[in-house]
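Biologist: Please take a close look at the interior of this model and at the sheet that packs beside it. I should be grateful for one connected explanation suitable for a first-year student.

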Amino acid sequence: MTKMRGMEAVQAVAEPRRREILRLVWDTELSAGEIAERFDVTFGAVSQHLKVLRDAGLVTLRQEGRKRYYRANRTAMGPLADYLQAMWATRLDTLADLAEQAERAAQEKRPT
């Protein structure tokens, strides 16, 4: 990734919805419509986010008829890919810890 492209990529992933889009297409290819269904914003807004990600080289686009399919371009991300994966793993670990704490608290409140 060139330095200019690298800055563009970092700016692109600074926006939370774009990071979520990347997470969605990290291991699988999804159509623009499938991606848009998972957000509480208009299709047009999601389309704009996809364009930013595409322009930054963070996703690849495959067109089949009228459908557009997106997938994360992890190779082009370089070290940014490792950073994103680590960030998502940390969030999942935190979520698992919180779920376990909630379960323990619920068990302690149950009458025996």
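Modeller: Two residues are in contact when heavy atoms of theirs lie within 4.5 Å. With neighbours within four places in sequence left aside, L58 is in contact with A9, A12, V13, L22, L53, R71, A72, N73, M77 and L80.

The model is predicted, and local features need pLDDT of at least 70, side-chain atom pairs count only at pLDDT 80 or more, and totals for chains, interfaces and linings use all residues. Residues are numbered from 1 along each chain as its sequence is written, and side-chain values use heavy atoms, with hydrogens and water left out.

The chain has six helices and three strands. Helices (H or I, at least four residues) and strands (E, at least two) are DSSP runs, numbered from the N terminus. In that direction, their order is α-α-β-α-α-β-β-α-α. Of the 112 residues, 30% count as buried; buried means under 20% relative accessible area, exposed over 50%, and partly exposed in between, with a 1.4 Å probe and protein chains only.

L58 is one of the residues with the most contacts inside the largest nonpolar core, together with L22, I35, M77 and L84. A nonpolar core is a set of buried Ala, Val, Leu, Ile, Met, Phe, Trp, Tyr and Cys residues joined through side-chain atoms within 4.5 Å. This one has 26 residues. At least two of them come from each of α1 (3-13), α2, α3 (32-36), α4 (43-55), β3 (67-72) and α6 (79-109). The element that gives the most is α6, with four residues.

L22 leads to helix α2 (residues 16-24), where R18, R19, I21, L22 and L24 are buried. E15 caps the N-terminal end of α2, with a side-chain oxygen 2.7 Å from the backbone nitrogen of R17. Two packed helices are described by the angle between their axes and the distance between the axes. Axes are lines fitted to C-alpha atoms, for helices over the stretch in contact, and angles run from 0 to 180 degrees between N-to-C directions. The axes of α2 and α4 come within 10 Å and cross at roughly 75°. These helices are therefore roughly perpendicular to each other; angles under 35 degrees count as roughly parallel, over 145 as roughly antiparallel, 65 to 115 as roughly perpendicular and the rest as oblique. R17, R18, I21 and L22 of α2 meet V46, H49, L50, V52 and L53 of α4.

The sheet comes next. It is open, with three strands in the order β1-β3-β2 and antiparallel pairing; two strands pair if DSSP finds at least two bridges between them. Its edge strands, β1 (30-31) and β2 (59-64), each pair on one side only. Helix α4 packs on this sheet, where it touches β2 and β3, and its direction makes about 115° with that of β2.

Between β1 and β3 there are two bridges. S31, found in strand β1, has Y69 as its bridge partner in β3. S31 counts as buried because its relative accessibility is 6%. Apart from neighbours within four places in sequence, S31 is in contact with R68 and Y69. On the other pairing, six bridges join β2 to β3, and T60 has R71 as its bridge partner in β3. The hairpin of β2 and β3 has two residues between the strands, and G65 takes a positive phi near 65° there.

Note on methods:
A polar contact is a pair of N or O atoms within 3.5 Å; within protein, one must be able to donate a hydrogen and the other to accept it, and residues adjacent in sequence count only if both atoms are side-chain atoms.
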